[in-house]
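Student: I'm new to this one and would like a close look at a single part, the inside. Please take it slowly.

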Amino acid sequence: MKEWKNVWILAEVSNGKMSSTAYELITAGRGLADTLGEKLCAVLLGADVKKFAQDLFDRGVDVVYVCDDLALTNYVDDIYAKTLNGMIQTYKPNKFLLPATNLGRSLSAKTAIFAGTGLTADATEVLINPEDGQLHATRPTFGGNLMATITCARTRPEMCSLRPMSYPKAAASESKTGEVIEFAFDAGKYTSLAKFLQFIKSEGEGLDLSETDVIVAGGRGLGKAEGFDLLNKLAERLGGAVAASRAPVDNGWIEYRRQIGLTGRTVKPKLYIACGISGQIQHMAGCSGADVIVAINKDPEAPIMKMAHYAVEGDLYEVIPAMLEALDK
Amino acid sequence: MHVLACVKQTPKSDNVKIDPVTGCLIRSGAESAMNPFDEYALEEAVVLKEQTGGRVSVITMGPPAAENVLRDSIARGADKVYQLGDMAFAGSDTWSTSYALAKGVEKINAEDKIDLIICGKQTNDSDTGHIGPQISAWLNWPNAAFVKKIVSVNEKSITVERLTEAGTDVLELPFPCVISVVKEISNPRVRSVKGRMAAKRAEVTKWTADDIGADKNKLGVKNCPTRVVKSFSPQRCTNAVVVEGANGKEKAAKLVELLKENKYI
Amino acid sequence: MDYAINEMEQETLNATREFAQKKLKPVRAEMDVKEAFSHEMLEEFRKSGMFGLWVPEKYGGLGGGITCLAMAFEEFSRVCAGLALTPGTTALGAIPMFLAATAEQRERWCYDLASGKKLWAFALTEPEAGSDASALKTTAIKDGDYYVVNGTKHFISTGKEADFYTVAVNTNPARGARGISLLVIEKGTPGFTFGKKEEKMGIRTNPTYELIFENVRVPKENLLGSEGRGLLYVQETLDYSRPGVAAQAVGIAQGALDETVPYLRTRKQFGQPIITFQALAHKVAELAAKTEAGRAMVYNLTHRMDEEFLPAVKAALENGTTVHDELKKLKGVRWTKYSAMAKLFCANTAMEVADECVTLCGGIAYMRDFPLEKYMRDAKITQIYEGTVHIQKNEIIAALIKEYAAKGE
């Protein structure tokens, strides 16, 4: 297994943009590579993606493997997984981190079978075991009630998808240089019977919850869809966006894209105001990375009242209007 | 068309208890049921059957008690159910599980050609979302994950909408293919009285590793590539500052003051 | 207490309870406010096989009889009496058809009835013929292979949404009540239009419409049974459907209690949960006892009915005869008195329970955020439709007089 060397990350590119998860993977991957004394390498798959290599070097990547081909313009599982496996078999990485985004999760799963290796899903922490140099990937299971550390001892690369927002984004320092290695796309081998037809950009504004500093989230305690009108006012006043726990989404009060938690999205805003949210662990898994969490809840015994930084016991329909008033002073 | 849904028996609530001393999962007494994400997958399979006049088969891998989710599948509209049960499967990770399921699929496929496999997005116990893409990898069938809608179906293919972080991809997949679906895909029905009664009488086909011709060197805790080396309860923050005040209004004012003071707003 | 005596009835209870909690409860308040028919819920009822509970298996139904129908109606109404009417009124509209239909007519209508693909409604009431059905003015005059229908029906539940209307018409006005017949009239038949949509106190999600017939040509194959026997079929239908309304009333009473007891346990005044105040506690006990008495009445009756109804249905399917004729062969009991008693008692109980529950819970129960005021509004209809409570009393006393007269007392 000695021939398997270096830490790889997938720098996801979709719709012509490199995902910021690449920067988080750099932070995580850099740590692993330094511990092992190996190189940190990034993989770019897509059409016209070579241009992102410099940004990756600037943030700490040593080598960038590029497979740049029009056939990779859009994500089709088989084409991407076969290409990625081709790269794995050619260059033999030791560890391979992918983002646990929709693309990353399905691509990593299929690639792991083609590569005949093990994969840990949606990890939140990755470490190298100093004794044997193995990857220890820790991930939440059972809806976040249990953390499990998983290894992959006998096969390489040790693959892992890493939950977005689990690591800080690597900052760009002064212009650095690195090596670009181009991998030729094999149109005869990397095929799929599936056809990509089109991409429809999602409508609606303020939907990028990962970019916003303030999130005002509502839960079952809102009692009705109209409750979000009030949350919207507060979010607008604070320059943030509105989100929700699972119950309002299940009740159809708000769209799924705004769901925070294990079955929704993970966010890391500066300020997270949870209104009428009890604080189930599944929800907290999606927001516990916030710098500060405020809980507004009628029930002083709700779990969130202990997990938040600031707990306000009260009726959100009384507290929020009063907050708006206080903010205007 | 012939649709196969993959289901798993999991603890009914993901709110399982952890032993505070050992940090282990307390499984005893935890009620089991069909993985909630699989309900959406099976419902969509049944809807397709109703639309196209086809049939729905369901497969699961699990201990003897997992037969219950297959009976439940009958109640929800499935026609035939298959259980992969063998000590050789015990402790399999997603790599081995998807291998066994793929072997089961091959056997069903030999009896009655499958057009489409539908899996739930993930399970509520291990949350990986690997099984759909991985079954397709073993079978070398095209696949799509995070499917939120089947836009159209014809005799040769389906067109699906896939959820991405930025929007929606539209893909055409020829049969046979595999999709894993998110909950927007369907609205699971309440099991009919007829279905509930049929469930009790349904015949469950049970297959061992040998029955499906699976290579035992690829199965079970000893042979699968990944291993759980440690499990523990997550740390929780318990140092909330309780914002004081005589009423909601006072507390709100105090909160705004605190947030401003600490430069959060 | 559950009155299921076999697996089918027990599973009916299980399925309808789950359906009510999962499907009806989340939308009931919204649908009440919107005062609109829910097509999404119609699809849910269809997908779960709720239209076919009482329809024979031959047509794709469950074959469960009057008891399963009543149980479903109770459990749905326990959560929302309005949404319960989606399958409920179809049963009411289709029962007269099912009783009087020939084998050929059953083939024509019962498959889509069982699947819920087609909805039915019952059209008896007219502006000038309510409790006195014999006064109805809608006419159907034979013209070759057709009946030409003219007239107006009003207060018709599931109006405009239903596909088939079982309409009481007079085919021989000269004979008065003996000229009344039942015709199945399909939505979309030229000349058949819908008038005013009513705005109601309760059961607001179910649309109530006026039906207008202007020279509507209805094929004679849509006549149920024979001419002039319409009121007989109507009476037979009401005998079977009134226990259904009684079951609905039991459901409403139970649902009101379901909301009230937990609230009284958690609401604290004077430093203690208010259910510990005996005046309130005893009231709740009385209401619960009356509700249970009503339930016992309903299911004892439907079980007895099914002992005749199910064999009659079986015989009709085997012999290619009408269910009505087979019932006549078997008939030992006329159910009119007992049906009326069940409906009278349960409807009054529902109204009393809902009213008292609002009072017990106090201010919160008067608010629309809390479901109790809806139960009170919904309960009222059970005292009115399918014969007012006063008409039920008439039925009971008429039967009693006849019984004692027969004994010469």
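Student: Which residues touch the most other members of the largest nonpolar core?

Tutor: This is a predicted model, where local features need pLDDT of at least 70 and side-chain atom pairs count only at pLDDT 80 or more, while totals for chains, interfaces and linings use all residues. Residues are numbered from 1 along each chain as its sequence is written, with chains lettered from A and ligands numbered from 1 in the order in which they are written.

Now to your core. Of its 131 residues, Ala42(A), Leu44(A), Ala5(B), Ile117(B) and Ile118(B) touch the most other members. A nonpolar core here is a set of buried Ala, Val, Leu, Ile, Met, Phe, Trp, Tyr and Cys residues joined through C-beta atoms within 7 Å. Buried means 20 or more other C-beta atoms within 10 Å of a residue's own (12 or fewer is exposed, in between is partly exposed), with C-beta atoms placed from the backbone. Take Ala42(A): leaving out residues up to four places away in sequence, Ala42(A) touches Ile9(A), Ala11(A), Ala22(A), Leu56(A), Val61(A) and Val64(A). Touching, or contact, means C-beta atoms, placed from the backbone, within 7 Å. Apart from this core lies another, of 122 residues, including Met50(C) and Cys357(C).

Since the core you asked about names residues of chains A and B, look at where those chains meet. There, 66 residues of chain B are in contact with 74 residues of chain A. Chain B's side has 34 nonpolar, 19 polar and 13 charged residues. In that count Ala, Val, Leu, Ile, Met, Phe, Trp, Tyr, Cys and Pro are nonpolar, Asp, Glu, Lys and Arg are charged, and the others, Gly among them, are polar.

Strands link up too: β13 (residues 195–201) of chain A and β11(B) pair in the antiparallel sense over 6 bridges, and Lys201(A) has Gly167(B) as its bridge partner in β11(B). Strands (E, at least two residues) and helices (H or I, at least four) are DSSP runs numbered from the N terminus, and two strands pair if DSSP finds at least two bridges between them.

For one more buried spot, go to Leu231(A), in helix α5 (residues 227–238) of chain A. Leu231(A) counts as buried because 26 other C-beta atoms lie within 10 Å. Not counting residues up to four places away in sequence, Leu231(A) touches Val216(A), Gly218(A), Val242(A) and Cys275(A). Ser173(A), though, is 58 residues from Leu231(A) in sequence and 39 Å away in space, C-alpha to C-alpha.

Technical notes: Two residues are in contact if their C-beta atoms, placed from the backbone, lie within 7 Å.
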